[in-house]
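User: I would like to learn how to read a model like this one, feature by feature. Where should I begin?

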Amino acid sequence: MKGKGTRRHFTVSQMQEKFRAKGKKLYFGFVNLYKAFDRVPTEVIRWAMHNLGVMYTGAKTVVRTAYGNRNGFEVKVGMHQGSALSPLLFVSVTEALTR
């Protein structure tokens with residue numbers, strides 16, 4: 001994307017220069033986390049939590065309206081929007097993936 005290249009980032013540029021000077025290969029991996037919460041399959045969350053020694057089953061959510069709460073339903077894709085637990089789950093998934 002225009003204006004978002006890696007050459008604009010000082011740390012990346014420094015690493016590239018040092019590796020080139022030594023004649024070594026350098027690889028970068030970039031991850032776009034845009035809407036990441038919405039796209040993490042429940043199976044991946046369970047896998048990650050299992051790898052970290054935590055059981056994660058039966059995640060349900062409820063839609064609240066002005067007329068009352070609707071019946072709860074199982075979350076099959078993504079994480080609970082607005083839940084305080086979602087950032088922890090997301091970090092746990094990325095931790096398990098990087099291991």
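Analyst: Begin with confidence. This is a predicted model, and the mean pLDDT of the chain is 79, with 84% of residues reaching 70 or more.

User: Which elements have the lowest and the highest mean pLDDT?

Analyst: The lowest mean belongs to α2, at 73, and the highest to α1, at 87.

User: In what order do the helices and strands run?

Analyst: Starting at the N terminus, the order is α-α-α-β-β-β-β-α. That gives 4 helices and 4 strands in the chain.

User: What share of the contacts joins residues at least 24 apart?

Analyst: Counting contacts between residues at least 6 apart in sequence, 49% join residues at least 24 apart.

User: How should I read burial and surface for the chain?

Analyst: Take the two totals in turn. Of the 99 residues, 21% are buried. The accessible surface is about 8,500 Å², and carbon and sulfur atoms account for 56% of that area.

User: Which residues make up the largest nonpolar core?

Analyst: The general idea is that nonpolar side chains tend to be buried together in soluble globular proteins. Here the largest nonpolar core has 11 residues: Ala36, Val40, Ile45, Ala48, Met49, Tyr56, Ala59, Leu89, Phe90, Val93 and Ala96. Helices α3 (42-51) and α4 (86-98) each supply at least two of these residues. The greatest contribution is from α4, with 4 residues.

User: Take one core residue, alanine 48. Is this residue buried or exposed?

Analyst: Alanine 48 lies in helix α3. Its relative accessible area is 0%, so alanine 48 is buried, the cut-off being under 20%.

User: Which residues is alanine 48 in contact with, beyond its neighbours within four places in sequence?

Analyst: With those neighbours left aside, alanine 48 is in contact with Ser92, Val93 and Ala96. The pair of alanine 48 and alanine 96 shows how sequence and space can diverge: they are 48 residues apart in sequence, while their C-alpha atoms are 5.3 Å apart.

User: How many salt bridges does a search of the whole structure find?

Analyst: The search finds 1 salt bridge. Arginine 99 pairs with glutamate 95, and their closest N and O atoms are 2.8 Å apart, where the criterion is within 4 Å.

User: How exposed are the two partners?

Analyst: Look at each side chain separately. Arginine 99 has 69% relative accessibility and therefore counts as exposed. Glutamate 95, at 33%, counts as partly exposed.

User: Which residues make a nonpolar surface patch?

Analyst: Met15, Phe28 and Phe30 make a nonpolar surface patch of about 300 Å². One of them, phenylalanine 28, sits in the loop between α1 (10-22) and α2 (36-39).

User: Why can phenylalanine 28 belong to a surface patch?

Analyst: Patch residues need over 30% relative accessible area. Phenylalanine 28 meets that cut-off because its relative accessibility is 35%, which counts as partly exposed.

Conventions. Residues are numbered from 1 along each chain as its sequence is written. This is a predicted model: local features need pLDDT of at least 70, side-chain atom pairs count only at pLDDT 80 or more; totals for chains, interfaces and linings use all residues. Side-chain values use heavy atoms; hydrogens and water are left out. Helices (H or I, at least four residues) and strands (E, at least two) are DSSP runs, numbered from the N terminus. Buried means under 20% relative accessible area, exposed over 50%, partly exposed in between (1.4 Å probe, protein chains only). Contact means heavy atoms within 4.5 Å. Accessible areas come from the Shrake-Rupley method with a 1.4 Å probe; for residues, only the protein chains shown count as cover. A nonpolar core is a set of buried Ala, Val, Leu, Ile, Met, Phe, Trp, Tyr and Cys residues joined through side-chain atoms within 4.5 Å. A salt bridge is a side-chain nitrogen of Lys or Arg within 4 Å of a carboxyl oxygen of Asp or Glu. Patches are made of residues with over 30% relative accessible area and no salt bridge: like charges are joined within 9 Å, nonpolar side chains (Val, Leu, Ile, Met, Phe, Trp, Tyr) within 5 Å. pLDDT is the predictor's confidence in each residue, from 0 to 100.
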